[in-house]
Amino acid sequence: MRRALEAARLGLGRTSPNPPVGAVVVKDGEIVGVGHHARAGEPHAEAIALDAAGAKARGADLYVTLEPCNHVGRTPPCAPRVVEAGIARCFVGSPDPNPLVSGRGIRRMRRAGVAVEVGLLREETDALIEPWALFITTGRPFVTMKVASTLDGRIATRTGDSQWITGPEARALVHALRNEVDAVLVGSGTVAADDPRLTARIEGGRDPVRVVLSSRLEVSPAARIFHQHSDAPTLVACVSPAPEAEAAALRAVGAEIVECRGVAGHIDVDDLLARLATRGIVHVLVEGGARVFGAFLAAGVCDRLLLHYGPRVFGGGPAWTDEPAVTRVADAPAFRYESVTLVGGDLVVEARPRGRDVPKKRGRARRE
């Protein structure tokens, strides 16, 4: 199963709106087939591993990180394929979290005489599909917020200088994360102040979709984000209706305009995420700035918080968020610490929302 997890991770950021999945076929103690799902519309991990195993699959064991599917999408279902291949035992890491699908693949294999065990390394296999599990059960993308701040919570000096608060090792982590998410999102203020590229500058990496929030399209067409040699599109989200002249100027440099519902003149975060979900975007990395962080916190849609603390104190300058502006401690968004790690000379803290259950709705997306 650990080998299957290793294979599945090769698909991170590349399979949406499908989950990353890995599979391994073992015969007489020897690995005879390995596969991972590379992208939506292409063969699933189980099919690739079974093809690699060939005739050796008969009487063999199959290890798969996620329950084999039992419905027809853009590819044939995997559960019948497992049966036809003659697999004797199937070890499943995580059952499919989609309430429309969960358990059907397992039941089909068991009815056909395949011995199925569920839950092997489940904590790790669940973690692998965490963003997709939220997406498939709620219909909205999983949101990771990444903040780079000083020890006193500042993201820039009083004059706006912000590069660099953290060191190269912490910044390398961000590039690796961009390689694994579907979209990276910033506000127009960050584009104006830092002129970021928002690309994943690692060997063998690929760039995520870039999203800029600008309620009235007040972002310069000359910004570097619009002039990257990248296959990933750049979206600029605004309040509907989009200002015509500004929209035309941005479209001229290749940007796509996404018109969203407005609330008090600002982009409605829930509507924005819904529109990103329709594009098959499962995991969004929010990188700033303060107003954007505040808007996502106020909307209650931060699923994972990564705080990168540089060992500096500015004693002034903007804090990383000023929203939601609570007046009582009891009303403040609460998080639980997951990990604290020293990365180079910086401290990386991971936290998750505390006491919030993920709402369960009928899945609006499906595994294909």
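1. The model contains 19 salt bridges, a salt bridge being a side-chain nitrogen of Lys or Arg within 4 Å of a carboxyl oxygen of Asp or Glu. This is a predicted model, in which local features need pLDDT of at least 70 and side-chain atom pairs count only at pLDDT 80 or more, while totals for chains, interfaces and linings use all residues. Residues are numbered from 1 along each chain as its sequence is written, and side-chain values use heavy atoms, with hydrogens and water left out.

2. Arg-89 and Asp-61 form one of these pairs, at 2.6 Å from N to O. Arg-89 belongs to strand S4 (residues 89-94) and Asp-61 to strand S3 (residues 61-66), with their positions 28 residues apart in sequence. Helices (H or I, at least four residues) and strands (E, at least two) are DSSP runs, numbered from the N terminus. Asp-61 is buried at 11% relative accessibility, whereas Arg-89 is partly exposed at 37%. The cut-offs are under 20% relative accessible area for buried, over 50% for exposed, and partly exposed in between, with a 1.4 Å probe and protein chains only.

3. Glu-130, Arg-304, Glu-350 and Arg-352 are joined in a network of salt bridges. Within this network, the side chains of Arg-352 and Glu-130 meet at 2.5 Å, N to O. Arg-352 is in strand S16 (residues 346-353) and Glu-130 in helix H6 (residues 130-138), so this salt bridge ties together parts of the chain 222 residues apart in sequence. Arg-352 is buried, with a relative accessibility of 12%; Glu-130 is partly exposed, at 28%.

4. Arg-304 and Glu-350 of the network also form a salt bridge, at 3.1 Å from N to O. Here strand S14 (residues 304-309) supplies Arg-304 and strand S16 supplies Glu-350, 46 residues apart. Arg-304 counts as buried at 18% relative accessibility, and Glu-350 counts as buried at 14%.

5. Lys-146 deserves a separate entry. This residue sits in strand S6 and is buried without a salt bridge; the nearest side chain of opposite charge is that of Glu-287, 4.1 Å away. For this purpose Lys and Arg count as positive and Asp and Glu as negative, with His and the chain ends not counted. Apart from neighbours within four places in sequence, Lys-146 is in contact with Val-174, Leu-285, Val-286, Glu-287, Phe-293, Leu-306 and His-308, where contact means heavy atoms within 4.5 Å.

6. Phe-293, one of those contacts of Lys-146, is also among the buried residues of helix H11, which are Ala-290, Val-292, Phe-293, Gly-294, Phe-296 and Leu-297. The cover over these buried residues includes strands S6 (142-149), S7 (183-187), S8 (209-213), S13 (283-288) and S15 (335-343), together with helix H10. Just after H11, Gly-300 has a positive phi of about 70°.

7. The axes of H10 (residues 269-278) and H11 (residues 290-299) come within 9 Å and cross at roughly 90°. H10 is therefore roughly perpendicular to H11, a label that covers angles of 65 to 115 degrees. Axes are lines fitted to C-alpha atoms, for helices over the stretch in contact, and angles run from 0 to 180 degrees between N-to-C directions. Val-269, Leu-272 and Leu-273 of H10 meet Ala-295, Phe-296 and Ala-299 of H11. The residues of this contact comprise six nonpolar, no polar and no charged. Ala, Val, Leu, Ile, Met, Phe, Trp, Tyr, Cys and Pro count as nonpolar, Asp, Glu, Lys and Arg as charged, and the others, Gly among them, as polar.

How values were computed. Angles under 35 degrees count as roughly parallel, over 145 as roughly antiparallel, 65 to 115 as roughly perpendicular and the rest as oblique.
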